[in-house]
Amino acid sequence: MDVKTLLLQQWASCLDEEDWFPPLEKVLEDITLEQAIWKPADGAMNSIWELVCHLLFYEKRFLIRFLGETANEPQAENNESTFRLPTETLENWKETKQEYFYVHRELEKILAKSEHEDLYRQIPGEDNSLVLELKSLALHDAYHIGQIVFLSKMQGAWPGKRSF
């Protein structure tokens, strides 16, 4: 299996194809606004929505850098500020999810269309090539998807039986 095919499989596993962990699209499917903003009483974890904002920040920044539109890239003072929420409304929760799904799929399209030499091209503003950055983003997504599932289970929002 070539690196592009492997990475496409990893990338799809993070969004909409079941693998060893549930894809984010399925995980977020029935999460209400109240569940999305809930945090454990000890404050030791971010909320589900904050985690999605964090994932969106890094994927969106990478997409914009890849496209060479750096004037429009999202800004953050530090990593902690990437978890910041917009105004907590149901509409904004839905928009955050949809924007994340859109950006993730746009990156998948770029990867799918990339020729071998494109996979190893240095991306302005990034430390690595397309293939290495997307590999790291996929691992980052998987890590935070696990946190989101855990938060869902803590709230009793995770169904007892699932297909994954």
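Let's start with helix α1, where K4, L7, W11, A12, S13, C14 and L15 are buried. Buried here means under 20% relative accessible area, exposed means over 50%, and partly exposed is in between, with a 1.4 Å probe and protein chains only. When I say helix, I mean a DSSP run of H or I with at least four residues, numbered from the N terminus.

A quick word on where this comes from: the model is predicted, local features need pLDDT of at least 70, side-chain atom pairs count only at pLDDT 80 or more, and totals for chains, interfaces and linings use all residues. Residues are numbered from 1 along each chain as its sequence is written, and side-chain values use heavy atoms, with hydrogens and water left out.

Back to α1. What covers its buried residues? The cover includes α2, α4, α5, α6 (116-119) and α7. Contact, for this whole talk, means heavy atoms within 4.5 Å. We can also check the helix's length: at 1.5 Å a residue, its 13 residues should span 18 Å, and the end C-alpha atoms are 19 Å apart, which agrees. That expected span is 1.5 Å times one less than the number of residues.

One residue of α1 to look at is V3. V3 counts as partly exposed because its relative accessibility is 33%. Setting aside neighbours within four places in sequence, V3 is in contact with L119, Y120 and V131. If you look at K135, 132 residues away along the chain, its C-alpha atom is 10.0 Å from that of V3.

Now move into the loop between α1 and α2, where you'll find D16. D16 is partly exposed, with a relative accessible area of 32%. Its contacts, beyond neighbours within four places in sequence, are P23, E25 and R105. D16 and R105 are 89 residues apart along the chain, yet their C-alpha atoms are separated by 9.9 Å.

F21 sits in that loop between α1 and α2 too. At 25% relative accessibility, F21 counts as partly exposed. Not counting residues up to four places away in sequence, F21 touches S13, C14, A142 and I145. For contrast, take F21 and I64: they are 43 residues apart in sequence and 28 Å apart in space, C-alpha to C-alpha.

Next, the helix pairs. Two packed helices are described by the angle between their axes and the distance between the axes. The axes are lines fitted to C-alpha atoms, over the stretch in contact for helices, and angles run from 0 to 180 degrees between N-to-C directions.

So how do α4 and α5 pack? Helix α4 (residues 48-67) and helix α5 (residues 90-113) meet at an angle of about 40 degrees, with their axes 9 Å apart. Their crossing is left-handed, meaning the near helix is turned anticlockwise from the far one by less than a right angle; clockwise would be right-handed. Among the residues that meet are W49, V52 and L56 in α4, and W93, Y100 and L107 in α5. The contact divides into 15 nonpolar, 3 polar and 4 charged residues. Here Ala, Val, Leu, Ile, Met, Phe, Trp, Tyr, Cys and Pro count as nonpolar, Asp, Glu, Lys and Arg as charged, and the others, Gly among them, as polar.

The second pair is α5 and α7: their axes come within 12 Å and cross at roughly 145 degrees. This crossing is left-handed. Y100, H104, L107, I110 and L111 of α5 make the contact with L130, L134 and D141 of α7. That gives 6 nonpolar, 1 polar and 1 charged residue.

As for lengths, the 24 residues of α5 should span 34 Å at 1.5 Å a residue, and its end C-alpha atoms are 35 Å apart, which agrees. For the 25 residues of α7, the expected 36 Å agrees with end C-alpha atoms 36 Å apart. Just after α7, G156 takes a positive phi of about 75 degrees.

Let me finish with the core. In soluble globular proteins, nonpolar side chains tend to be buried together. A nonpolar core is a set of buried Ala, Val, Leu, Ile, Met, Phe, Trp, Tyr and Cys residues joined through side-chain atoms within 4.5 Å. Which residues have the most contacts inside the largest one? They are L28, W93 and L134, in a core of 43 residues. At least two residues each come from α1 (3-15), α2 (24-28), α3 (33-37), α4, α5 and α7 (130-154). The largest share, 12 residues, is from α4. As for W93, its contacts beyond four places in sequence are L28, I31, T32, L33, A36, I48, W49 and V52.
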